[in-house]
Protein chains: 2
Amino acid sequence: MENQQIKEAGLKVTAPRVKILGILENCGKRHMSAEDVYKELISQDEEIGLATVYRVLTQFEGAGLVCRRHFEGGQSVFELNSGEHHDHLVCIKCGKIVEFVDLTIEKRQAKIAADNAFQIEDHSLVVYGICGDCQNKR
Amino acid sequence: MENQQIKEAGLKVTAPRVKILGILENCGKRHMSAEDVYKELISQDEEIGLATVYRVLTQFEGAGLVCRRHFEGGQSVFELNSGEHHDHLVCIKCGKIVEFVDLTIEKRQAKIAADNAFQIEDHSLVVYGICGDCQNKR
DNA sequence: GTAAGAGTGAAAATCTTTCGCATCTTGATC
DNA sequence: GATCAAGATGCGAAAGATTTTCACTCTTAC
Ligand SMILES: [Mn+2]
Ligand SMILES: [Mn+2]
Ligand SMILES: [Zn+2]
Ligand SMILES: [Zn+2]
C-alpha cells in the first residue's frame with residue numbers, strides 16, 4: 001500500500017503523506033491542484049494544513065512519485081507518476097484532460113534540439129481546445 | 001510608428017503605451033517580462049508604474065499586438081506578435097531562447113486533437129535544455 | 001475650448017506558494 | 001516498551017507576481 005511506496009521513496013511514513021498519496025491514488029481525479037487535494041482532505045475531516053500539502057507534494061515530486069504540471073490558470077497541477085512521459089490536451093471550457101503520447105512529435109523535438117545544439121532536459125506540450133461535449137453544449 | 005499601431009489596435013495613444021511598444025520593438029530583447037520592461041523604462045527615466053506596464057501589456061495582448069508566454073519561472077514573458085505562430089527552445093542555464101516552427105509537429109497536434117474530438121484553440125510547446133554555449137562552460 | 005470617458009500612478013488587495021518556528025512524530029536504539 | 005534526535009507538521013506570516021481601487025489627469029470627439 002501507500003506506506004511501502006513512501007518508505008521506498010526514502011521518506012518517513014507520516015499520516016499526511018499516507019493520506020495525500022491515498023487521495024492521489026483513489027480520488028478519481030488524476031490531475032489535482034494542491035488546493036484540490038487540500039479540499040478533499042477537509043471533506044474527509046483530516047486536519048492537514050495547506051502548507052503541508054504543498055510540502056508533501058513537492059517531496060513526492062522530488063522522490064519521483066508525482067509529476068507537477070503548469071497548465072494555464074495559475075495553479076500547479078499534480079498527478080501520480082505513471083512512469084511513462086505523456087503530454088496533455090486540455091478543454092478550456094470544462095477542464096477535461098486527455099493524455100497522449102506521440103512518437104513523431106517526440107522525435108521532431110529531439111531533432112529540433114539537436115539542430116540547435118541544445119541538450120534536451122525536459123519539455124512541455126499542452127494543446128488547449130474545446131472538447132466534444134463542450135462543443136455540443138452551445 | 002508606434003502611434004499608428006496603437007490607434008489601429010483601438011487604443012488611445014498615450015505616453016505609456018507608446019513608450020512600452022517602443023521598448024518591445026527596439027530594446028533588442030525579444031522576450032521580456034513585465035519587470036524587464038519596467039526596468040528598461042526606469043533606465044530611461046520614464047515615470048511609469050509597474051501596474052501600468054502590466055495593464056498595457058495585457059491590453060496589447062488583447063489587441064493582438066503582443067503574445068504572452070508562460071515559461072517556467074513564475075513570471076510571464078511578452079513578445080511582439082510576429083504574426084506567425086512559433087514555439088520555443090529555452091536554455092535552463094542562461095535563459096537563451098530559440099524560436100522554431102515545425103509543420104510536422106503542428107500537423108500531429110491537429111490530428112491528435114481531431115482524434116479526440118477536440119477543437120484546438122491554442123497550444124504551448126516549450127522544450128527546455130542546455131544550449132551549446134552552456135554545455136561548453138562546464 | 002470643453003466635457004465625458006479613458007487612462008494613470010501609488011497603494012492596497014489577491015492569489016498561490018513558501019518560510020519560520022514552536023510543537024509533535026517517527027524510527028532506530030537500548 | 002521507553003528514550004531521543006532527526007525529521008515533520010500546523011499555523012500564521014511572508015513572498016512574489018499580478019490585479020484592483022481610487023483620486024487625479026489626459027485624450028478625443030464636438
Ligand atoms: Mn497527465
Ligand atoms: Mn517567441
Ligand atoms: Zn470540455
Ligand atoms: Zn544557455
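**A zinc site and its surrounding salt bridges**

Along the chain, the donors of the zinc ion (ligand 3) follow the spacing C-x2-C-x36-C-x2-C, and this pattern is a convenient place to enter the structure, which is a predicted model. The four residues behind the pattern are A:Cys91, A:Cys94, A:Cys131 and A:Cys134, each of which coordinates the zinc ion (ligand 3) through its SG atom, at 2.2 to 2.4 Å. The angles among the four donor atoms run from 102 to 113 degrees, and the site of the zinc ion (ligand 3) is tetrahedral. For four tetrahedral donors the ideal angle at a metal is 109.5 degrees, a value that the reader may keep in mind when inspecting the site. Of the coordinating residues, A:Cys131 and A:Cys134 are both buried.

From the metal we turn to the charged side chains. Side chains of opposite charge can pair when their charged atoms come close, and a search of the whole structure finds 18 salt bridges over all chains. A few of them show the settings in which such pairs occur here.

One of these pairs lies within a helix: A:Asp115 forms a salt bridge with A:Lys111, and the closest N and O atoms are 3.0 Å apart. Both A:Asp115 and A:Lys111 belong to helix H5 (residues 103-115) of chain A, where they are four residues apart, about one turn of the helix. A:Asp115 has a relative accessible area of 53% and is therefore classed as exposed, whereas A:Lys111, with a relative accessible area of 42%, is partly exposed.

Another pair in chain A joins A:Asp36 to A:Lys29, with 3.3 Å between the closest N and O atoms of the salt bridge. Here A:Asp36 counts as partly exposed because its relative accessibility is 26%, and A:Lys29 is also partly exposed, at a relative accessible area of 42%.

In chain B, the side chains of B:Glu79 and B:Arg69 meet in a salt bridge, at 2.6 Å from N to O. B:Glu79 lies in strand E3 (residues 77-80) of chain B and B:Arg69 in strand E2 (residues 66-69) of chain B, so the pair ties together parts that are 10 residues apart in sequence. Both B:Glu79 and B:Arg69 are buried.

Salt bridges can also be followed beyond a single pair in this model, and chain A offers an example: A:Arg30, A:Arg69, A:Glu79 and A:Glu99 are linked in a network of salt bridges.

Conventions. Residues numbered from 1 in each chain as written. Chains lettered and ligands numbered in written order. Predicted model: local features only at pLDDT ≥ 70, side-chain atom pairs only at ≥ 80, totals over all residues. Heavy atoms only, no water. Donors = N, O, S within 2.8 Å, 3.2 Å for Na, K, Ca; no water. Tetrahedral: all angles 85-135°; square planar, octahedral: opposite > 155°, others 65-115°. Buried < 20%, exposed > 50% of the residue type's maximum accessible area, 1.4 Å probe, protein only. Salt bridge = Lys/Arg side-chain N within 4 Å of Asp/Glu carboxyl O. Helix = DSSP H or I, 4+ residues; strand = E, 2+ residues; numbered from the N terminus.
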